[in-house]
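Ready for some practice in reading a protein model? Work through the exercises below at your own pace, and try each task before looking at its solution.

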Amino acid sequence: MKTYQITLLAGDGIGPEIMGVARAVLAQVSRNCQFHLNFTAAPFGGQAIDLTGEPLPEATLEQCRASDAILLGAVGGPVWDDHPRRPEQGLLGLRSGLGLYANLRPATVRPQLVAASSLKPEVVTGVDLLVVRELTGGLYFGQPQGIFPEKKGERRGVNTMTYSESEIERISRVAFKSAQSRRKLVTSVDKANVLAVSRLWREVVSRVALDFPDVTLNHLYVDNCAMQLIRWPKQFDVILTENLFGDILSDEAAMLTGSIGMLPSASLGEGPGVFEPVHGSAPDIAGQDRANPLAQVLSAAMLLGYGLQETTAAAQIEQAVARVLDQGYRTGDIMAEGMTQVGCQAMGEKLLLALAEGI
Ligand code: IPM
Ligand code: MG
């Protein structure tokens with residue numbers, strides 16, 4: 001039987017609870033589809049700081065490198081806010097350490113959850129977009145960066161937004177390829193009216209577009225894109241953008257769905273990919289069985305589809321999630337009148353039942 005090595009980085013806050021659900025779902029679906037998943041947990045984030053002083057211990061990174069895919073929960077919490085090493089540094093270290101340059105963040109408004117959005121139903125019904133965010137360049141990683149002393153004792157904070165042509169080209173290809181299996185529209189987002197780096201971005205994206213004649217390419221300035229996302233989000237299929245713009249726009253896109261607790265993501269590079277929910281570690285509800293595990297479970301589906309090419313298994317998870325929503329089960333964050341409120345554990349059990357019924 002085919003066996004895959006999966007590293008589980010549960011992390012902090014609600015991470016361990018939602019990871020428990022996703023692991024059980026993965027185990028079930030692997031039995032359904034006749035392959036084997038070998039799970040190994042490793043310390044990461046605040047939990048790893050407590051254990052080793054480092055948010056991404058070398059042994060954890062090595063283990064990730066040696067696995068077929070990585071499922072990540074969430075990191076961070078107030079306990080580590082004043083710590084010299086922050087859990088978020090572990091996340092950036094993982095992205096650069098594994099060369100995860102392509103971050104895929106789908107935002108889909110599900111028919112069962114239209115009412116959860118803060119926007120009007122006619123604006124959000126049918127929204128189905130994918131943010132393709134560059135993840136290892138731009139302001140997050142550009143040099144020089146730091147806080148530097150200047151004359152008269154004043155200091156200067158510096159970050160650098162920089163992209164090489166090859167960095168722009170490879171992320172563009174991911175966006176165009178994704179669009180080919182969707183509605184064949186790429187909107188590249190930049191600030192080319194002001195930034196030199198954006199002018200190069202626009203030039204390279206336009207050049208790559210020539211290799212994908214079946215895909216239509218639009219360009220938007222980032223401020224306009226932020227506006228269009230809440231004005232008429234259905235105009236978007238694939239949004240292609242650089243690291244910081246993608247960070248901001250993907251949160252905005254997530255909120256269209258009204259439920260950040262539902263959204264998965266994939267970070268891909270040349271090696272194993274990392275799959276994680278878009279939401280954070282929610283320390284305020286940790287350990288209370290109140291978390292919504294569905295984003296973690298849908299991240300597990302992305303792991304199967306994008307990471308292992310086990311597309312049948314991925315589809316089974318998607319169907320199970322749709323089924324429990326159809327059955328009216330809701331965690332507190334997506335609760336609505338007439339529905340049945342359940343905790344994290346119970347949602348997991350409903351998913352396992354749905355998976356068993358589906359075969
Ligand atoms: C995200 C997060 C991270 C980012 C933080 C936690 C470093 O906001 O994944 O979007 O800025 O990339
Ligand atoms: Mg973010």
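**Exercise 1: Two helices, one salt bridge**

Arg207 is partly exposed, with a relative accessible area of 39%. The model you are looking at is a predicted one.

Task: Find the salt-bridge partner of Arg207, and work out which parts of the chain the pair ties together.

Solution, step by step:

- Start at the side chain of Arg207, which meets that of Glu165 in a salt bridge, with 3.3 Å from N to O. The cut-off for a salt bridge is 4 Å, so this pair qualifies.
- Next, locate both residues: Arg207 is in helix 7 (residues 196–209), while Glu165 belongs to helix 6 (residues 165–180).
- The pair therefore ties together parts that lie 42 residues apart in sequence.
- Finally, look at the partner's surroundings: Glu165 is partly exposed too, at a relative accessible area of 38%.

**Exercise 2: A bridge between loops**

Task: Decide whether Asp237 is buried or exposed, and describe its salt bridge with Arg182.

Solution, step by step:

- Asp237 has a relative accessible area of 1%. Buried means under 20%, so Asp237 is buried.
- Arg182, at 24%, is partly exposed.
- In their salt bridge, the closest N and O atoms of Arg182 and Asp237 are 2.8 Å apart.
- The two residues sit in distant parts of the chain, 55 residues apart: Arg182 in the loop between helix 6 and strand 8 (185–190), and Asp237 in the loop between helix 8 and strand 10 (238–241).
- There is a wider network here: salt bridges with shared partners join Asp128, Arg182, Arg183 and Asp237.

**Exercise 3: A residue in helix 8**

Task: Place Gln228 in the secondary structure and list its contacts beyond four places in sequence.

Solution, step by step:

- Gln228 lies in helix 8, which covers residues 222–231.
- Its relative accessible area is 11%, so Gln228 counts as buried.
- Setting aside neighbours within four places in sequence, Gln228 touches Leu220, Pro233, Gln235 and Phe236.

**Exercise 4: The whole chain**

Task: Compare the radius of gyration of the protein chain with what the globule rule gives for 359 residues.

Solution, step by step:

- First take stock of the secondary structure: the chain has twelve helices and 14 strands.
- The radius of gyration is 20 Å, close to the 21 Å from the globule rule, so the chain is as compact as a globular protein of that length.
- To round off the picture, 53% of the 359 residues count as buried.

Notes: Residues are numbered from 1 along each chain as its sequence is written. Chains are lettered from A and ligands numbered from 1 in the order in which they are written. This is a predicted model: local features need pLDDT of at least 70, side-chain atom pairs count only at pLDDT 80 or more; totals for chains, interfaces and linings use all residues. Side-chain values use heavy atoms; hydrogens and water are left out. Helices (H or I, at least four residues) and strands (E, at least two) are DSSP runs, numbered from the N terminus. The radius of gyration is taken over C-alpha atoms; the globule rule is 2.2 Å times the number of residues to the power 0.38. Buried means under 20% relative accessible area, exposed over 50%, partly exposed in between (1.4 Å probe, protein chains only). Contact means heavy atoms within 4.5 Å.
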